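I opened this notebook to record what I looked up in the structure shown below. The entries follow the order of the look-ups.

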Amino acid sequence: MTRALVIGEALIDIVERDGQITGEHVGGSPLNVAVGLARLGRDVDFFTHIADDPRGRRISEYLGASGVALVPGSTSARRTPSARASLDVTGAATYEFDIDWQLSGTPEISPPVVVHTGSIATALDPGRLAVEALLDTYGVAATVTFDPNVRPALMQDSTLARERIERIVEVSDIVKVSDEDLAWIAPDTESVDLARRWLAMGPALVAVTMGGRGAFAVSASGLVRVPARSVQVVDTVGAGDSFMSGLLDALWSLDLLGADRRDDVRRISPAHVEAVLEAAVLNAALTVAQTGAVLPYRATRDAALRSTS
């Protein structure tokens, strides 16, 4: 049995629109990826830092209901993190965070075929150092995947943040990033050019999301673009995480995960890159058509695929 390990923050999103709180939802970019993979039928372990308090128990229950295994040692925080997500008229979110990010030890789990991380987990001290160490540990046998999912509100030193992001890029096999994040990381560089520079640093595949303009990826086989799915956008919360889940699931289906498949990923054909991107774009489209980070189940995703084929 092959499993994924996702490492990163879990929190409660407090959603605000027009100055009014409209609800509280379980969130966190890595958590969403873990849930998205599990809902697509993958076996997933999730290592995080939450508290044994009402919000933490809500997160634990949500993970369990989605089929994600919470790694022992993940509930040692003093309080469960939260993020206030303010939605503008287009449904795009900006965030304010209350989070204490720490990790310790190496999880006692089955060896994963893929280890994913990103966002706050790789940016915030002291936990980011533990994340980097875990990537070194698991990267010996697993595919390492990364989504920087930039949070400027937590990155007061932008130069240092960029250095930390590129350090993780160097040890990653697959990187997913949004064009908005790339614009923050290197405002004077075109997205395609920066993606290619990252590719030269070590990854086998760099995928870039562009919202309503679709996505593209660069690999040794060149540049591949796919359009966005036509959908009525309710909000964009969780869209990138849903894309990441769909991307990993598609690579998993092609048997391209695991350290012994690294050379195969480097030789991936443009046709396979296109198929992987299309699966990821569809996953994201199903999420933005709903309120909040609702990651699709495989049955829902497959039904949507059949209806558009």
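Entry 1, salt bridges. I counted a salt bridge where a side-chain nitrogen of Lys or Arg lies within 4 Å of a carboxyl oxygen of Asp or Glu. The model is a predicted one. With that criterion I searched the whole structure and got 20 salt bridges. I then picked three pairs to look at one by one.

My first pair was glutamate 24 with arginine 55, whose side chains meet at 3.1 Å, N to O. This pair links distant parts of the chain, since glutamate 24 belongs to strand E3 and arginine 55 to helix H2 (residues 54-66), 31 residues apart. I looked up accessibility for both partners. Glutamate 24 has a relative accessible area of 31%, so I noted it as partly exposed. Arginine 55 is at 30% and therefore also counts as partly exposed.

My second pair was aspartate 52 with arginine 57, where the closest N and O atoms are 3.1 Å apart. Aspartate 52 is exposed because its relative accessible area is 56%, and the cut-off for exposed is over 50%. Arginine 57, at 39%, counts as partly exposed.

My third pair was arginine 298 with aspartate 249, at 2.3 Å from N to O. These two also come from distant parts of the chain: arginine 298 is in helix H10 (residues 298-308) and aspartate 249 in helix H7, 49 residues apart. Arginine 298 is partly exposed at 25% relative accessibility, whereas aspartate 249 is buried at 2%. I followed the shared partners from here and found one network of salt bridges that joins Arg42, Asp249, Arg298, Arg301 and Asp302.

Entry 2, strand E12. Is strand E12 enclosed or open to solvent? I checked residues 215-219 and found five of the five buried, so the strand is largely enclosed by the rest of the structure. Next I sorted the side chains by direction. Ala215, Ala217 and Ser219 point one way, Phe216 and Val218 point the other way, and all of them are buried.

I then looked up the neighbours of E12. Strand E11 (residues 205-209) runs antiparallel to E12 and is joined to it by five bridges. Valine 206 has valine 218 in E12 as its bridge partner. The hairpin of E11 and E12 has five residues between the strands, and glycine 211 there takes a positive phi near 60°. Strand E13 (residues 222-226) is likewise antiparallel to E12, with five bridges. Valine 226 in E13 is the bridge partner of alanine 215. E12 and E13 form a hairpin with two residues between them.

Entry 3, backbone exceptions. Most residues other than glycine have a negative phi, and most peptide bonds are trans, so I listed departures from both. Which peptide bond is cis? The bond from aspartate 125 to proline 126 is cis, with omega near -5°. Proline 126 sits in the loop between strand E8 (114-118) and helix H3 (127-138).

For phi I noted two aspartates. Aspartate 18 has a positive phi of about 55° although it is not a glycine. I placed aspartate 18 in the loop between strand E2 (11-17) and strand E3 (20-27), and recorded it as exposed because its relative accessibility is 68%. Aspartate 255 has a positive phi near 60°. Its loop runs between helix H7 (239-253) and helix H8 (262-266). With a relative accessible area of 42%, aspartate 255 is partly exposed.

Note on methods. Residues numbered from 1 in each chain as written. Predicted model: local features only at pLDDT ≥ 70, side-chain atom pairs only at ≥ 80, totals over all residues. Heavy atoms only, no water. Buried < 20%, exposed > 50% of the residue type's maximum accessible area, 1.4 Å probe, protein only. Helix = DSSP H or I, 4+ residues; strand = E, 2+ residues; numbered from the N terminus. Pairing = 2+ DSSP bridges.
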